[in-house]
Amino acid sequence: MSTQTRQGRWAVSALFAANGFVMGAWAPQIPLLLPRHQITEGTLGLLILSLGAGAVGAMALSGGLVSRYGTRPVVRAFSLAAVPVLALVVLAPTLPLVVLAMVLMGAMIGCMDVAMNANAVEVERALGRAIMSSCHGFWSLGGFAGAGLGGLAIARLGASGHAVAACAAVAVVTVVALPFVMQGAGPTAQDADTPERRWPRGWAIWVLGLMALGSMVPEGAVLDWAALYLRKEHGADVATASLAFALFSGTMAVMRFAGDAVRGRFGAVATLRVSALIAAAGLLGAALSPVATVAIVCFGFTGLGVANMIPVLFSAAGNMPGLRAGVGITTVTMMGYSGILVAPSSIGYIAEHVGFRATFAAMAVILLAVAALAGRAAAADGVQPSTAPQAPM
């Protein structure tokens, strides 16, 4: 392994952690938007929709830039652009400015996500082994730190102080990591001239995208609504409520660091199927829990299951024959992030009418559908595209 490859492996891992930290720090800020701007859960859902719309709408741009310029310059640009976004949302004085800031936050975080996942695939190929699960483990570790420290920081520094401090921490990690981001092979003339490499035509990649959607809906729901669920249904305070996503992210981090070895031993299909079943059981337990403590533990159990679902699906997309890794990951990420960012916006509206318990229980059913389709992710078992089944075009 060359020094450049080793440095690139840890640089992209650090960026995953920084991205996760921003999202984790965002979680305890969400309930505070209600009293600050005098809005309801339904309006908050629309705000989250604007964040998701910004992310999903911008991801195609990021994928196009990756295909044209390679992953390194795109990762660098969007990592820097994502540094101040949390503070912009929290410090926005009026509701219209909050909407604009959330669209920008979603766009920068989403573009960074596509680029760093594509870069992780390039690192995988340079190493000759899978690292996607551990990269996502660093994202979860960042989310755990951001959410776990967020409640305490808000209590001591206030919402604005916490947002500025979180952005400063992300800036330090980003500036240190960016010089070591690995330069991949870059686009080739063949990649640029082949239409199917620019935009997928086969159904196989779209099935993976739907599975990513089903996998990310629960993750987005825990991120955006678990804290509010604990406060409304169980009377938890801000610090306690923030532990739901913190434990969820923490268990995901632990399991993701073991995920590459688990997948190597049991295979991508079995790993995805069992993971989906575990996540479904955790969400159902959270929905039925009588007290906040049990709900928090169940959210942590959900994290164990969700942990390796997206890494398996992203590896399968990056190793899909006939597609550049950037194109496959862009497609699956766009569809998946409709779950983590756009779909949860409807949960506020649904929860107002049927309650959070029924909503979380319904998401357990979605995870059962992902388990049933797990065989579609078999391409993740091979790092090199030539080892995966051909995608029908």
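**Exercise 1. Place Thr302 and decide: buried or exposed?**

Thr302 sits in helix α14, residues 292–306. Helices are DSSP runs of H or I with at least four residues, numbered from the N terminus. The model is predicted: local features need pLDDT of at least 70, side-chain atom pairs count only at pLDDT 80 or more, and totals for chains, interfaces and linings use all residues. Residues are numbered from 1 along each chain as its sequence is written, and side-chain values use heavy atoms, with hydrogens and water left out.

Next, the accessibility. Thr302 has a relative accessible area of 0%, so Thr302 is buried. The cut-offs are under 20% for buried, over 50% for exposed, and partly exposed in between (1.4 Å probe, protein chains only).

Last, the partners. Beyond its neighbours within four places in sequence, Thr302 contacts Phe248, Ala279, Gly282 and Leu283. Contact means heavy atoms within 4.5 Å.

**Exercise 2. Describe the packing of α10 and α12.**

Start with the geometry. Helix α10 spans residues 203–234 and helix α12 residues 243–266. They pack at about 145°, axes 8 Å apart. Axes are lines fitted to C-alpha atoms, for helices over the stretch in contact; angles run from 0 to 180 degrees between N-to-C directions.

Then list the residues. From α10 come Glu219, Val222, Leu223, Ala226 and Leu230. From α12 come Ala244, Phe245, Phe248, Met252 and Arg256. Phe248 is also one of the partners of Thr302.

Now classify. The split is 8 nonpolar, no polar and 2 charged. Ala, Val, Leu, Ile, Met, Phe, Trp, Tyr, Cys and Pro count as nonpolar; Asp, Glu, Lys and Arg as charged; the others, Gly among them, as polar.

**Exercise 3. Characterise the surroundings of Cys111.**

Cys111 lies in helix α6, residues 95–127. Its relative accessibility is 1%, so Cys111 counts as buried. Not counting residues up to four places away in sequence, Cys111 touches Ala58, Met59, Ser62 and Phe78.

Add one distance. Cys111 and Leu65 are 46 residues apart in sequence. Their C-alpha atoms are 9.8 Å apart in space.

**Exercise 4. How many helices and strands does the chain have, and what percentage of its residues count as buried?**

Count the elements: 18 helices and 0 strands. Then the burial: of 393 residues, 61% count as buried. Finally, the contacts between residues at least 6 apart in sequence: 86% join residues at least 24 apart.

Note on methods. Helices (H or I, at least four residues) and strands (E, at least two) are DSSP runs, numbered from the N terminus.
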